[in-house]
Structures are given as C-alpha cells and as structure tokens.
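Student: I have a new two-chain model open and would like to learn how to read it feature by feature. Could you walk me through it?

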Amino acid sequence: MFSATYAHNESARTALKLDFSGLVTYYQLPLSMSELQLQTAIKGLNGSIKSLFHWADAGGFICSSNRAFFLQRLLWLLWLTLFAATAPARAAEANLTASTDVSNEGYFVLSWQSDTDADELLLQQANSTDFNETIDRSVSEAGAVTITGLGDGDYYFRLTNSGQTISESIHVAVQHHSLARAGSFFLLGLVLFSILIITILTGNRRTVS
Amino acid sequence: MQEIALSPSVALIILVIFGLVWIAFGYLLGRSNKTLEDYMLAGRNVGLAFATATAMATWVTSNTTMTAPQVTYELGVWGMVGYSLGAVGLLLFAPLAKRIKQLLPHGFTSGDFIRERYGVVAWRVFLVISLFYAFGWLISLGMAGGILVNALSGIPYHVGMTTILVVCVSYTLLGGLKAVIATDFVQTIIIITGVIFIAYLVIQNVGFEQMHTDLQTERPMLLDLLFPAAIMFLFNNLLFGVGEIFHSNVWWSRAFAFRQDTGARAYFIAGLFWLPIPIVAGFIALAAPSLGINVPSSDMVGPLVSGRILGTTGAIVVFIVVFSALASSLDSLLAATADLITQDIYRGHINPGASDEKCFRAGRIIILLLGLTTWILCVPRLTTLASLLYFTGAFVASAIWPIVFGLYYKWASGTAATLAMLSGTCLGLLAYFTIGYYVAAVASCAVSLLVIVLVSKIENKTFDFDELSRGDKAL
C-alpha cells in the first residue's frame, strides 16, 4: 500500500489524495497553488519508486504557482500510481507474519524478512490501526520475536526503518479461554490429584499392615 | 540482532573440557562393570547420597532450566509455580519405589512389572507409550543442547546439539548406570551451586519494581492470577510430572538399583531439593521485557536473559549449569531407555533366550543406535521444547492409574489397564490439539481413571501378588 496525501494549510479548500494500492481513489486540483504545502505519508515504496517520487517532489511540484507545470507533475504522479498498481508485491520492503490470527493464550510469534539494509529497525505494537500509541521493539533485519502476556483485545504490528514504515500492518486478536473452562480443568486436576494421594496413602497403609 | 553473551571459542572450550571429563569418568567407572546387573543397575547397591543426587540431577533437566523459563515467559507467575509442582512426582514416587523394590527385588525395568502384572497386551501398549515418551524427552534434551549453545554463544544449533549428544552417548556407553549416577552426583553439586549463584546475581542486578511496572504495562497477563491458560496448566503440569516419573524406566531402574529402604528416602529428599529450582530458573524470564530482550523462540528466553543480566561470567555459569543439567538427564534417559529396549524388546520379543552376556553387548549397541536416532530427529528442530514435551503428556498421564492400582490393588485387570492407557492417550491428544498443550495430561489422566475403574469392576478379577514374586524370581 502506498499513499501520498497533499493538503493545504489551514485555509485549504481542497486536497489531493493518491492511493497506490491499486486505484487512484480521488484527486482534486488545489485552487491556489501558491499556498500549497506538502505533507506526505509513504508506506512501502521500494527504492526505485521512492527515488522517482523524490525527484518529482524536488522538481518544484509543491512550490510551483504554474498550473500547467503542476498538471504535468500531477500526470507524472498518476503514472507512478499506475506503475505501483501493477507491482503490488513490491510495495512492502519487509514481510511481517504472525504464527496465528487468534491467540487463546496471549502469546504468538511474529517473524519477518527484510530485503533492505535496515539502519534502525523497529517492531511497533499498537491497539489500533492508526498506531498513535505504540510499544516499540528494536529488532534485526531477519528474525522473529515471541510476544507473550497480552490481555484480550486486538493488536496491530508493523515494522519501521528509521521512522519509515516498511511492512504492512498485521492484526492478531487475543481471546483468552473463558474462566469457566479454565476453572473446570483446574477443578478436574484438583480432584484427580486428591484421588491419587488418597489411593497411594491407602494402598501404602494396606500393604504395610 | 541476537545478543551473544559468550564468545564461540569460550563456549567450545567449556564443551570440550566438560565433555572430556565426563567421558573419562565413564571410562574409569565402566572398567569395574563385570555383569549385566553392574552395567544396567550399578550392582543394585546405590547408597542414599548417590541415590538422592542422581534422582535430583536427573529431574533437574534442561527442561527445568530452559522450559521453566519458557513456561514462565508464556504463562506468567502460575507457569513458574506450576512447573515447580513437578516435584510432586518425585515426592509421590517415594512410597512407590519402596513398594517396587518389595514386589520385584530382581526386576530390571518398568516393563517387567507391567508384563507380570497385566499380561502381554498391556505390556506392549505400555512399551509403545514408554518409548514414545523416551524419544520425546531425548529429542527435547538434544534440542535443548543445541538451543542453549546457540543462544549463549551463537554457535550453530546443529553443532551444539551434535557435540552434547556425542559426549553423553560416549560416557553412558562406556560406564553404564554407574557412570550415569557418578556424573549425576558431580552434576548435582554443580547445578545447586550454580543456581544459588545465579539467584544471587539476579537479585543483585534486577530491580523488582521496574520488572513489575514493565510487565504490568507490556505483558499484564503474566502477572494475572486469573490467566485462564495458566490456571489450566497448574494441575496439568503436576499430573504430567507424576505420569513421567511413575511410568518411566528412568525412575524404575533407579528404584531397582538403590539399596533396600534407600529409594523412598532418596526420592523424597530429591523432591524437596528440586522444588525451588524451577522458581529460580523461571523467575529470570520475567526480566526479559524490562531488559528489552527480543526472544525469537520462547524456549531461548532463559539463556538470553541470563546472558544479558549476568554478563560473561554469569553466562559461563549458566552454560555450565545447563550443560550439566542436560547431561545428567540425557545420560540417565539413554541408559534407562537402552535397558528397556534390551530387556523388553530384544530379550522379550526378538531373542528370548539371550544370555546376560549377549544382552550386555546388545545394550551398548542400543545406546549407540538411540543416540543416532535422537540426533536424526533433533536435526529438523520441529517445534519448541514445551510443545514437544507436553505432547508426550497425553501418553504418560494415561499410565498413572495402571501403575498405582497395579502396585497396590488386586482388582485392577489387564484389559482395564490396556483400555485405560489407549483411551487416555487418545483423549489427551484430542485435548492437546483442540484446546492446548496445557490440558493434555489432565484429560488423559481423567479418562484413564474412569476406564480402569469401570472396566475392572465389570471384569471383577482378582490378581494374586504372589504371581509377581514368581515372575520376579524367573527374571
């Protein structure tokens, strides 16, 4: 998934959003180019596409007050959109997977393989897809980590490299066994243990006597 | 990156030194083995100190030092407590050891008892269960060796696993049970001293408050006393431990080898000494989140945390302790399983007229083959230690009642024992796959109890314990 979002400053009346996941969702030309400011959120571009984007960025697109020049750049970005759409597998630099989608014990294994040099690879854990609040773990390029001790809930994970997201986010739900089931097995174990003690003590006393 | 606490060269030097010491021990002690009884049962004359040490060292396995932290890391405080309930198996086996020695003073294996008590069909089912468990344990020990060496020094898994297997097979092959018990004695001293030292360093280095805060924030369930899977695990582990000890020839062969009246005391004392060890070993796993350690596979958590907290010196101590624990169990299991195969498969099925001398030779070949088979099965590293170990829980827990009722009560019948073991194993496996590893033993044990009582009552047979004495004399 790749997305690039362009927005005005506070007085913006319109915006452009490009979605590189396969389709251009919508775009609309800004009315006042001179006020245009750029905010980008880039997910999972491979090296070549990223450099092209940077070139387009540096070519004056965001600062230009020339509408024709802007349209030219816009077409260039649309071409990039289509290019990315034809190669979705290249969208993520790292492949992050979980050992299970639903865990009944609050533990599972996350594993990944990254095909780029990672300067500062982090595994981020969050409770929502927006990753506003995260628990970050510094990890290696190819590896795995066992997450344990989580309570009931939905958990999202993704990998970042030097602050840039390089994997799709994945979701694991934790749904612990019910306490009724746990209590039943506990009780069953206790009863079996008690019978065992009584059996051995009684048997021992009989054989001694 | 995975952190390496020991340089590979240091780890290799430790492996080579200890390996050579154990093999030399095996060679020296093996020279005095003259008969099959010397080789298999150390002359049936083991005293209290050695008996206690070997019982404890064998039960302090790599599973105690590596699976206890794994279970704590996965199931929290209850996991740690639950693992220590494994001591109950040793404590409850104390009276059984006395009874075994009374009933079968000339017995060699647990298979001998089942055959004489329940007949051939039950004996064969028992052998399948027993051998399956033995291989499960052997593989877990071999894997633990590879994981330990890899986690602490970065030496590839296969190198560490192969080295440890070669060392243990060599000295067991050379010295038989005498070497096993003698090395167990030394290994017990190393394990107890090492664990006390590690506990001291952990208390010095880890802030309890920080650990608690981090666990509460990142892993709240590890501190939750109402953690459902952990609650289910408590009695499951207790019954699994009981099943392991009650059925396995590792413990029966020691009951035969210990002097009269030594077995009960030795097992009781060993159980008491063993009880706190999983608590100490498991506790350090709780420090992993505070230390920011990424644990790739939860069975690596023990060595990884130890290496980080304790530095190079600590890592060396951990390495030696776990290597000793590993060797003390691997050798015992190799010897006891080889005895079971020699006595119950080779002499019992393949060559019934085999002389003691032939069995002596066969026993050595069997140890070699066991080592080789274990190595082959360890190579793929199919699963984690706990998953592998508790998979066997479904098998061993089904044998608890046939053993206990068979030793003390006349009404338990052969058909009932056979059906109890089969049904218990099947239902235990079903529970393992449908619910989790932490219920397999409880389910197996419950079904086995129902079946053995019901079928025995329906059959209404009475066993004459004098038959055991007559069978024992024939052994």
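Tutor: Gladly. Keep in mind that this is a predicted model. Let us start with strand S12 (residues 170–174) of chain A, where four of the five residues are buried, so the strand is largely enclosed by the rest of the structure.

Student: Which strands pair with S12(A), and in what sense?

Tutor: S5(A) pairs with S12(A) in the parallel sense, over two bridges. Strand S10 (residues 153–161) of chain A pairs with S12(A) in the antiparallel sense, and there the pairing runs over five bridges.

Student: Which residues could I click on to see those pairings?

Tutor: For S5(A), pick A:Val102, which stands opposite A:Ala173 in S12(A). For S10(A), pick A:Tyr156, which stands opposite A:His171 in S12(A). As you look along a strand, a general idea helps: in a regular strand the side chains alternate between the two faces of the sheet.

Student: How many helices and strands does each chain have?

Tutor: Chain A comes to three helices and 12 strands. Chain B has 22 helices and zero strands.

Student: And what share of each chain is buried?

Tutor: In chain A, buried residues make up 42% of the 209 residues. In chain B, they make up 66% of the 475 residues. The accessible surface can be read alongside: chain A shows about 10,800 Å², of which 53% belongs to carbon and sulfur atoms, and chain B shows about 15,400 Å², with 69% belonging to those atoms.

Student: What do the contacts say about how each chain folds back along its sequence?

Tutor: Take the contacts between residues at least 6 apart in sequence, and ask what part of them joins residues at least 24 apart. For chain A that part is 60%, and for chain B it is 86%.

Student: Could we look at one buried residue in chain B?

Tutor: Try B:Gly145, which is found in helix H7 (residues 120–153) of chain B. Its relative accessible area is 0%, which is why B:Gly145 counts as buried.

Student: Which residues is B:Gly145 in contact with, leaving aside its neighbours within four places in sequence?

Tutor: They are B:Gly160, B:Met161, B:Ile164 and B:Leu326. You can also check a distance here: B:Gly145 and B:Tyr157 are 12 residues apart in sequence and 8.1 Å apart in space, C-alpha to C-alpha.

Student: Now for the empty space. How does one find it?

Tutor: Rolling a probe the size of a water molecule over the atoms shows where empty space is left. In this structure there are eight cavities of 30 Å³ or more, and the largest of them holds about 150 Å³ of space.

Student: Which element gives the most to the lining of the largest cavity?

Tutor: That is H15(B), with six residues. Helix H8 (157–205), helix H13 (277–283) and helix H15 (301–350) of chain B each supply at least two residues of this lining. Among the lining residues are B:Thr65, B:Val195, B:Ala281, B:Pro303 and B:Val322. By class, the lining divides into nine nonpolar, three polar and no charged residues.

Student: How much space lies in the second largest cavity?

Tutor: About 120 Å³. It is lined by 14 residues, and those closest to its centre are B:Trp59, B:Tyr83, B:Glu244, B:Trp274 and B:Leu389. The elements that give two or more residues to the lining are H4, helix H10 (228–247) and H17 of chain B. H10(B) gives the most, with four residues. This lining has seven nonpolar, six polar and one charged residues.

Student: A pocket, unlike a cavity, is open. Where should I look for the largest one?

Tutor: Look for A:Glu105, A:Tyr107, B:Glu74, B:Ser387 and B:Tyr437, which lie nearest its centre among the 22 residues that line it. Strand S5 (102–103) and strand S6 (108–114) of chain A, together with helix H4 (62–84) and helix H17 (385–391) of chain B, each give two or more residues to this lining. The volume of the largest pocket is about 400 Å³.

Student: And how do its lining residues divide by class?

Tutor: The lining of the largest pocket has nine nonpolar, 11 polar and two charged residues. To link this back to our starting point, S5(A), which contributes to the pocket lining, is the strand that pairs with S12(A) in the parallel sense.

Definitions and conventions
Residues are numbered from 1 along each chain as its sequence is written. Chains are lettered from A and ligands numbered from 1 in the order in which they are written. This is a predicted model: local features need pLDDT of at least 70, side-chain atom pairs count only at pLDDT 80 or more; totals for chains, interfaces and linings use all residues. Side-chain values use heavy atoms; hydrogens and water are left out. On a 1 Å grid over the protein atoms alone, a cavity is a set of points where a 1.4 Å probe fits but cannot get out, and a pocket is an open set with protein on both sides within 12 Å along at least five of seven lines; lining residues have an atom within 4 Å of a point. Grid points are joined across faces, edges and corners, and a volume is the space filled by probe spheres set on the points. Ala, Val, Leu, Ile, Met, Phe, Trp, Tyr, Cys and Pro count as nonpolar, Asp, Glu, Lys and Arg as charged, and the others, Gly among them, as polar. Buried means under 20% relative accessible area, exposed over 50%, partly exposed in between (1.4 Å probe, protein chains only). Contact means heavy atoms within 4.5 Å. Accessible areas come from the Shrake-Rupley method with a 1.4 Å probe; for residues, only the protein chains shown count as cover. Two strands pair if DSSP finds at least two bridges between them.
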